[in-house]
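Colleague: I've got this structure open on my screen and would like to talk it through. Can you walk me around it?

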Amino acid sequence: MEAVPCNNSDEPPTSAVLLDTCHFSQVIFTDVEKFYVPGGDITCHYNLSQQIIPRSKDWVGIFRVGWKTTREYYTFMWAPLPSNANSSDAELQQVLFKAYYLPKDDEYYQFCYVDQDGQVRGASVPFQFRAEAEDDMLVVTTQGEVEEIEQQNTTLLQENQKLKEKQESLREQNEDLQKRISVAEGEVEETMQQNTALLQENQKLKEKQVSLQKQNEDLQKKLKVAEEEKKEFEEKVCLLQTGTMELQRAQDRQALEITSAQTELAAVMENNIKLQKEKEVLEKSLDNLRLHNEKVNGEVSCLKKQITLLETQSSSTEKELCRVKEERENILIEQEQLEKKLKITLSHMDQLQSKVQSQQKELGDLQRVGQDKSRHLEQLKEESRKLNAALLRQQNLEEELKEKTLLFQTLQNEIDIKEKENQCLRRENEGLMVHLPELIDHPPAGLLTQSAEHSGLLFGNPYSAAPEIPETDLVSVKKCPLCNNVFPDDVEEQEYVDHVQSHLLECSTCHESFDNKQVYDDHVYCHTLDSHLLKH
């Protein structure tokens with residue numbers, strides 16, 4: 001099994017979990033040397049305890065002492081699965097690291113076992129990559145030197161006793177700090193749970209907001225369609241109104257024409273009555289003429305008889321006969337004139353009757369046109385009723401849209417309230433995160449201590465301190481909760497606060513600060529939604 005370089009495409013699973021939450025006792029590394037000779041392969045031996053279940057993506061990495069997250073590995077190897085996974089006994093495992101991928105400096109490093117969730121399950125004692133020191137030389141000393149060495153040993157023992165006392169006091173302080181940290185972690189977990197609950201509620205409200213926006217868009221589309229139909233109906237109403245105006249004008253014209261035709265018909269009827277009267281008078285005169293003609297014919301016949309009787313009489317009667325013939329001719333001429341006048345009056349009456357019939361036909365046509373226009377007017381009235389119904393539907397849609405907008409505004413107000421609560425919780429969380437480094441200020445957690453009885457064992461967290469204990473007091477530190485940058489105690493408080501504030505993201509709309517990029521993006525997205533809704 002060969003080690004892989006750090007820039008391999010198949011990167012191991014890592015996480016940014018704090019070191020205090022890791023369990024370093026589930027994997028125990030054995031046979032770890034104090035130093036390894038550069039240029040040679042090294043074998044890492046470790047035992048898996050019963051508290052860990054090995055998985056295929058577990059890996060063993062080499063980390064520089066002082067690392068803070070599992071992303072800071074130098075090189076790694078995939079951890080092999082044990083041959084008997086069901087066995088309850090600890091089985092010795094080993095991983096081979098090739099010399100090509102090992103560090104070339106003389107810094108302190110250590111092995112760490114990381115599971116596929118990115119959690120550290122075990123860590124070894126620190127070691128170095130350097131050449132082996134020549135410690136096996138024979139040293140010859142004199143009695144004075146021996147006495148000096150004994151005095152040095154006594155002083156060293158006294159210093160060791162003092163260091164043990166300091167170690168006990170530091171242990172007690174560490175336990176107090178661990179208790180405080182556990183309480184602070186509990187409070188942080190509660191705030192994180194509240195934050196997650198608020199985020200879930202915010203997500204639900206966002207989903208509701210998206211659904212309401214979709215409903216609003218649908219209603220906007222329906223409203224646009226209704227407005228287009230309204231415009232079409234208004235155009236139709238205008239056309240119908242113009243049509244009704246034209247029909248009204250045509251009806252007025254027809255009424256005028258009908259009244260004029262009726263006046264003309266009355267005049268024609270009066271003229272017809274006059275002609276009838278004249279006809280009756282002429283017929284009476286004709287009857288009188290016929291009677292007179294009959295009388296004249298009778299007289300003529302009588303005269304003929306008298307002439308026949310008087311032919312034999314004297315010549316004096318011839319003069320009377322000539323006179324009678326002249327009278328007869330005059331009467332015939334008068335009769336012919338009367339017959340001509342009667343024919344003229346009869347032809348004039350026929351012309352008047354034909355005019356009356358044509359005017360009656362025109363009057364019937366006008367009545368039919370008036371009936372058709374009245375039917376068209378009823379159709380227009382029906383369409384106007386439909387338009388009124390469509391307008392009522394549009395008003396209902398507008399009322400429904402107003403109700404939806406009111407509901408959306410109420411939900412937006414609820415979102416704003418939840419956002420304010422979330423901001424308050426974030427401020428409390430930021431305050432706790434700012435005060436958290438002050439709790440772990442004296443001394444820093446994970447201090448390496450060493451006892452005289454167990455000189456080969458290390459206690460505490462071996463990742464944030466050197467393997468040797470300095471004689472002077474440790475300098476308290478301030479750590480940034482966002483980038484984990486460490487500041488010494490002599491740094492001013494304002495500089496530390498300015499550094500923490502430099503990580504915060506400020507909203508350009510409402511000037512609110514955020515330490516989480518995802519929450520900041522969601523907040524900016526809400527502002528864009530608000531501006532989009534105000535535009536519509």
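What follows is a short chat about strands, salt bridges and surface charge.

Modeller: Sure, but keep in mind that this is a predicted model.

Colleague: Okay. In the hairpin of β7 and β8, which turn residue has a positive phi?

Modeller: Start with the pairing: β7 and β8 run antiparallel and are joined by three bridges. Tyr113 sits opposite Gly122 of β8. The hairpin leaves five residues between the two strands, and the turn residue with a positive phi, about 85 degrees, is Gly118.

Colleague: Is β7 mostly covered or uncovered, and how many of its residues are buried?

Modeller: β7 has other partners to look at too. β4 pairs with β7 in the antiparallel sense over six bridges, with Cys112 as the bridge partner of Gly61. β9 also pairs antiparallel with β7, over two bridges, and there Tyr109 is matched with Phe127. As for cover, β7 is mostly covered, and its buried residues number six of seven.

Colleague: Which residues make up the covered face of β6?

Modeller: β6 pairs with β3 in the antiparallel sense over six bridges, and Leu92 is the bridge partner of Asn47. That same Leu92 belongs to the uncovered face, along with Gln94 and Leu96. The covered face is Gln93, Val95 and Phe97.

Colleague: Now the salt bridges. How far apart in sequence are the parts tied together by Lys418 and Glu201?

Modeller: Their side chains meet in a salt bridge at 3.2 Å, N to O. Lys418 lies in helix α2 and Glu201 in helix α1, so the parts tied together are separated in sequence by 217 residues.

Colleague: And is Glu419, which bridges to Arg426, buried or exposed?

Modeller: The closest N and O atoms of Glu419 and Arg426 are 4.0 Å apart. Buried means under 20% relative accessible area. Arg426, at 7%, is buried; Glu419 has 10%, so it counts as buried.

Colleague: What about Arg385 and Glu382, how many residues apart are they?

Modeller: Their salt bridge has an N to O distance of 2.7 Å. Glu382 is partly exposed, at 40% relative accessibility. Both residues lie in helix α2, about one turn of the helix apart, and the spacing is three residues.

Colleague: Last one: which helix gives the most to the negative surface patch?

Modeller: The patch gathers glutamates, including Glu227, Glu235 and Glu399. Glu399 is in helix α2, and both α1 and α2 supply at least two of the patch residues. With six residues, the helix that gives the most is α1.

Technical notes:
Residues are numbered from 1 along each chain as its sequence is written. This is a predicted model: local features need pLDDT of at least 70, side-chain atom pairs count only at pLDDT 80 or more; totals for chains, interfaces and linings use all residues. Side-chain values use heavy atoms; hydrogens and water are left out. Buried means under 20% relative accessible area, exposed over 50%, partly exposed in between (1.4 Å probe, protein chains only). Helices (H or I, at least four residues) and strands (E, at least two) are DSSP runs, numbered from the N terminus. Two strands pair if DSSP finds at least two bridges between them. Patches are made of residues with over 30% relative accessible area and no salt bridge: like charges are joined within 9 Å, nonpolar side chains (Val, Leu, Ile, Met, Phe, Trp, Tyr) within 5 Å. Accessible areas come from the Shrake-Rupley method with a 1.4 Å probe; for residues, only the protein chains shown count as cover. Lys and Arg count as positive and Asp and Glu as negative; His and the chain ends are not counted. The place of a charge is taken as NZ of Lys, CZ of Arg, CG of Asp or CD of Glu.
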